[in-house]
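Trainee: Got a minute to go through this model with me? I'd like to start with how we use the word "buried".

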Amino acid sequence: MSWPTYLLYLAVMAGVTYLIRMLPLTVFRKEIKSVFIRSFLHYVPYAVLAAMTIPGILTSTGDIRTAIAGLVVAVAMAWRGMSLLSVAIGACLAVAAAQGVLLLF
Amino acid sequence: MNKLFLKGVKHGLPIGLGYLSVSFAFGTQCTSGGLSVLQALLISMTNLTSAGQLAGLQVMLAGSSLIEMALTQFIINLRYALMGLSLGQKLGPTMNTPRRMFFSFANTDEIFAVASAQPEKLHHHYLYGLMLMPYIGWSLGTLLGAAAGAILPAFVSNALGIAIYGMFLAIILPPARKEKPVRAVVLIAIAISLLFSYAPMLKGVSGGFVVIICAVVAATLGAILFPIQDEGRNAA
């Protein structure tokens, strides 16, 4: 892609993304008193990550069967409170193992 | 070296490793679509967001208008505004305006989730440490993917594809196990997300928008059903 065109796209893309992140964090400084809004904001991250994971995880490996193997292992490890890195590696190894098993058939 | 900074780096390491694999995939898509290696790298270094970059790349390659680029980024990344508001409540007194402006660049889903899960108010040294490895991982992964994407066998890239989701689960499941309200919010969000993925009428709604709807509905229901009264408990 030609650089002038690319740079215009890049400026818009990065600019919008940055402003969305920067303005709420920087401009809004007051401690929120409303119990409702505080509770709402407390629950946002869990809702966001849950919605991004399910069903996105099922199409993350190119084969729903290997993805389910990874999902089951990740849930079991995460449920026990294992670290982010351990769970991520465990899920990858489970997918790799499931791919190996599928090759046998 | 500062202790808080090192603690942040340690917390950011798994995120950085997760990003390495995800951005690797992004890098391959860039060069196969016609971008140069440097162009691919610059997108990751200036945006630092997975869903937004993927959508942005599609807009670029399709040659669509700049307005469409701005709108796409706005909708897909609107969740960061919610996260920024939420995290803003947890920042300690050392986080002045320039530091907020600097850190907000790196307020990704994962950095936000890890930072939110800290019991104490956040110090800028910790946040700077936390953003370091994810930024390196995201940029380096894109560079490697753009330069050498075709070399990696599908067997390996398929397995790496799940890494980021394993990380998400490790963030949400322990609190969901301990606290009933979090469990309820997670289940509601999953139910709505599934509805939008498989219900015939709703399937066409874009991914970024679905995440916003899920977050707003699930967090609103959570706030109505399980309001958090005690301010000190908010960090749990």
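Mentor: Sure. Buried means under 20% relative accessible area. Keep in mind that this is a predicted model.

Trainee: Okay, try that on Leu48(B). Is Leu48(B) buried or exposed?
Mentor: Leu48(B) has 2% relative accessibility, so it counts as buried.

Trainee: Where does Leu48(B) sit?
Mentor: In chain B, in the loop between α2 (37-47) and α3 (50-62). Check its backbone too. Leu48(B) is not a glycine, yet its phi is positive, about 55 degrees.

Trainee: Switching chains. Which kind of peptide bond joins Ile54(A) to Pro55(A), cis or trans?
Mentor: That bond is cis, with omega near 5 degrees. Pro55(A) is in a loop as well, between α2 (35-53) and α3 (64-79) of chain A.

Trainee: Now Ser86(B). Which helix is that in?
Mentor: Ser86(B) belongs to helix α4 of chain B, residues 66-88.

Trainee: Buried or exposed?
Mentor: Buried, because the relative accessibility of Ser86(B) is 11% and the cut-off is under 20%.

Trainee: What does Ser86(B) touch, beyond its neighbours within four places in sequence?
Mentor: Leu41(A) and Phe112(B). Leu41(A) is in chain A, Phe112(B) in chain B.

Trainee: Tell me about Phe112(B), then. Where is it?
Mentor: Phe112(B) is in helix α6 of chain B, residues 109-116. Its relative accessible area is 1%, so Phe112(B) is buried.

Trainee: And what are the contacts of Phe112(B), leaving out residues up to four places away in sequence?
Mentor: From chain A, Pro45(A). From chain B, Met83(B), Ser86(B), Leu87(B) and Asn107(B).

Trainee: How far is Phe112(B) from Ala163(B) in space?
Mentor: They are 18 Å apart, C-alpha to C-alpha, and 51 residues apart in sequence.

Trainee: Let's do the whole chain A and chain B interface. How much area is buried there?
Mentor: About 7,800 Å², with carbon and sulfur atoms giving 73% of it. Chain B puts 105 residues into the contact and chain A puts in 70.

Trainee: How many salt bridges and polar contacts are there between them?
Mentor: The salt bridge count is zero. Polar contacts come to 22 residue pairs, both residues at pLDDT 80 or more.

Trainee: Which element of chain B gives the largest share of that side?
Mentor: α4(B), with 17 residues. By class, the chain B side has 66 nonpolar, 32 polar and seven charged residues.

Trainee: Last topic, domains. What is the division in chain B?
Mentor: Domain 1 covers 3-176 and domain 2 covers 179-236. Their contact takes 13 residues from domain 1 and 10 from domain 2.

Trainee: How far apart are the centres of those two domains?
Mentor: 22 Å, taken over C-alpha atoms.

Trainee: And the area buried between them?
Mentor: About 890 Å², 71% of it from carbon and sulfur atoms. On the domain 1 side, Ile75(B), Pro175(B) and Ala176(B) lose the most area to domain 2, together 47% of what that side buries.

Trainee: How many salt bridges or polar contacts between the two domains?
Mentor: Zero salt bridges. Two residue pairs are in polar contact, both at pLDDT 80 or more.

Trainee: Which elements give two or more residues to the domain 1 side?
Mentor: α4 and α9 (163-178) of chain B. The largest share, five residues, is from α4(B). That side of domain 1 has nine nonpolar, two polar and two charged residues.

Notes
Residues are numbered from 1 along each chain as its sequence is written. Chains are lettered from A and ligands numbered from 1 in the order in which they are written. This is a predicted model: local features need pLDDT of at least 70, side-chain atom pairs count only at pLDDT 80 or more; totals for chains, interfaces and linings use all residues. Side-chain values use heavy atoms; hydrogens and water are left out. Helices (H or I, at least four residues) and strands (E, at least two) are DSSP runs, numbered from the N terminus. Buried means under 20% relative accessible area, exposed over 50%, partly exposed in between (1.4 Å probe, protein chains only). Contact means heavy atoms within 4.5 Å. Domain bounds come from an automatic or database domain assignment. Buried area is the accessible area (1.4 Å probe) that two parts lose on being put together, summed over both. A salt bridge is a side-chain nitrogen of Lys or Arg within 4 Å of a carboxyl oxygen of Asp or Glu. A polar contact is a pair of N or O atoms within 3.5 Å; within protein, one must be able to donate a hydrogen and the other to accept it, and residues adjacent in sequence count only if both atoms are side-chain atoms. Ala, Val, Leu, Ile, Met, Phe, Trp, Tyr, Cys and Pro count as nonpolar, Asp, Glu, Lys and Arg as charged, and the others, Gly among them, as polar.
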